[in-house]
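Colleague: I should like to request a close look at one part of this model, set out for a first-year student. Please take the rest of the structure from there.

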Amino acid sequence: MTTPSLPLGRLKLCVLGSTGSIGTNTLDVVARHPDRYEVFALAGGSRVEELLAQCVNWRPRFAVMPQEAAAQRLREAVREAGLPTEVLSGEQALADVAEHPEVDMVMAAIVGAAGLMPCLAAARAGKRLLLANKEAIVVGGQLFMDAVRAGGATLLPIDSEHSAIFQCLPEDPSTWAARIDHIVLTASGGPFRQRELATFGDITPEMACAHPNWVMGRKISVDSATMMNKALEVIEARWLFNLTPEQVRVVIHPQSIIHSMVVCRDRSVLAQLGTPDMRVPIAYGLSWPERIESGGELLDFTRLSALTFEPPCEQRYPGLSLAWQTLKGAEGSTCVLNAANEVAVDAFLNRRIRFDQIHAVNEQTLADLVIEPGRTRSVDGLLDLDAQARRQARSAVERMTSGTIALR
């Protein structure tokens, strides 16, 4: 990866998912460096008041909301506040601000497959793309990576694990294959690492969203509890670092101090350490190849407790194995897995299925859906497959709630 030629002066930033945890942490880092960055566009979900407060603080050129009703509320509030911000709505508007000619870098932090289209737009426009939306690459796969290469974009991973791997490698990707034996993604194990397996059916959404180390949104917190988050990270790592499925491994590291490791061909192990604070990988992505103040707490080795490691338990985290299964399966299987999981997690958060049924929905959807060859070679084909997988997953949820499908 070559260092892109960036303009002199402040860099203009588009933050997709600005009201989420990654988005707010990004703005916290940016606020520490007003001489380096300018917020050009913000895109939120449904939190009108929070996005309005960000518009008041940052006065971006554009603000985007997915739904027109929410956008209209924001539009009226922005007008009353006398702000210069133009409010847009819809999926196309997200892509428009991501590829805008004045934008230098895009923080892609929209949760789920909804982030695919604006990520593709930014990639094709040759932006510096800070990828916190792992689903874009899980769904897009080869199509997404081809867009990055064709557009001359700079792709920088923001997930703490992938950022750690990236920080342990030379800047030139052409040297990676000769150096890497395999990589090891670390996982905290989530809030239920030591919970009795027989009680998993009693886990509530509130319990699943209480992560012991990280402050995250509800969906990603549930994914961390089931380890589906790590399954998606395995898939993402395969594409980011051009690895075989067998070259990506996972270990449980409850302290979340070592964020991931590269095992070299000579058996040296390179690791990136730090306090569990997303501002650190965000700051690295914003400033790469330089480093800037992140606001994170300094790691104090004299106060550090023992660092422990253990293999992931298949019975406790059954969804993790689906990462390697789908990577070795039919082209598009990872897209199906992601779609099914989004439906299953939503059903759990809305108390329609139990925590221990999330995996059953994912597994059933993969088993039921037959993928026609070539469907993932175009954006329309990918989106159609994603929609079909969601319908299949919703059907699995309905059958599960009615008792037609037994828990596996």
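Colleague: Where is Arg 351 found?

Modeller: Arg 351 is found in the loop between helix H14 (333-349) and helix H15 (358-368). Helices (H or I, at least four residues) and strands (E, at least two) are DSSP runs, numbered from the N terminus. This is a predicted model, in which local features need pLDDT of at least 70 and side-chain atom pairs count only at pLDDT 80 or more, while totals for chains, interfaces and linings use all residues. Residues are numbered from 1 along each chain as its sequence is written, and side-chain values use heavy atoms, with hydrogens and water left out.

The backbone of Arg 351 has a phi near 60 degrees, a positive value in a residue other than glycine. Because its relative accessibility is 52%, Arg 351 counts as exposed; the term means over 50% relative accessible area, buried means under 20%, and partly exposed lies in between (1.4 Å probe, protein chains only).

Ser 256 also has a positive phi, near 55 degrees, and is a residue other than glycine. Its place is in the loop between strand E9 (248-252) and strand E10 (258-264). With a relative accessible area of 6%, Ser 256 is buried. Another loop, between H12 and helix H13 (321-327), holds Pro 289. The peptide bond that leads from Trp 288 to Pro 289 is cis, and its omega is near 10 degrees.

We may now turn to the helices. In H7 (160-168), 9 of the 9 residues are buried, so this helix is largely enclosed by the rest of the structure. Among these buried residues are Glu 161, His 162 and Phe 166. Gln 167 also belongs to H7, and it is buried at a relative accessible area of 17%. Leaving aside residues up to four places away in sequence, Gln 167 touches Gln 272, Tyr 284 and Arg 291; contact means heavy atoms within 4.5 Å.

Gln 167 leads to an enclosed space, since it helps to line the largest cavity along with Ser 160, His 259, Gln 272, Thr 275, Asp 277, Val 280 and Pro 281. On a 1 Å grid over the protein atoms alone, a cavity is a set of points where a 1.4 Å probe fits but cannot get out, whereas a pocket is an open set with protein on both sides within 12 Å along at least five of seven lines; lining residues have an atom within 4 Å of a point. The count comes to 1 cavity of 30 Å³ or more, and about 50 Å³ of space lies in the largest cavity. Its lining consists of 2 nonpolar, 5 polar and 1 charged residues. Helices H7 and H12 (279-287) each supply at least two of them.

The second largest pocket contains about 550 Å³ of space. It is lined by 20 residues, of which Met 145, Arg 149, Pro 173, Trp 176 and Leu 240 are the closest to its centre. The largest share of this lining, 4 residues, comes from H6, and strand E7 (154-157), helix H8 (176-179) and helix H11 (228-240) are also among the elements that each supply at least two. By class, the lining has 13 nonpolar, 5 polar and 2 charged residues.

Helix H6 (134-151) is also one of the elements that cover the buried residues of helix H5, as are strand E1 (11-16) and helix H16 (379-401). H5 (residues 116-124) is mostly covered, with 7 of its 9 residues buried, including Leu 116, Cys 119 and Leu 120. Just after H5, Gly 126 takes a positive phi of about 75 degrees.

Strands E5 (105-108) and E6 (128-131) are further elements in the cover of H5. E5 and E6 run parallel and are joined by 4 bridges; two strands pair if DSSP finds at least two bridges between them. In this arrangement Val 106 stands opposite Leu 129 in E6. From E6, Arg 128 and Leu 130 point one way and Leu 129 and Leu 131 the other way, yet all are buried.

Finally, His 182 lies in strand E8 (residues 180-187). With 10% relative accessibility, His 182 counts as buried. Not counting residues up to four places away in sequence, His 182 touches Gln 247, Arg 249, Val 262 and Val 263.

Note on methods. Points joined across faces, edges and corners; volume = space filled by probe spheres on them. Nonpolar A, V, L, I, M, F, W, Y, C, P; charged D, E, K, R; others polar.
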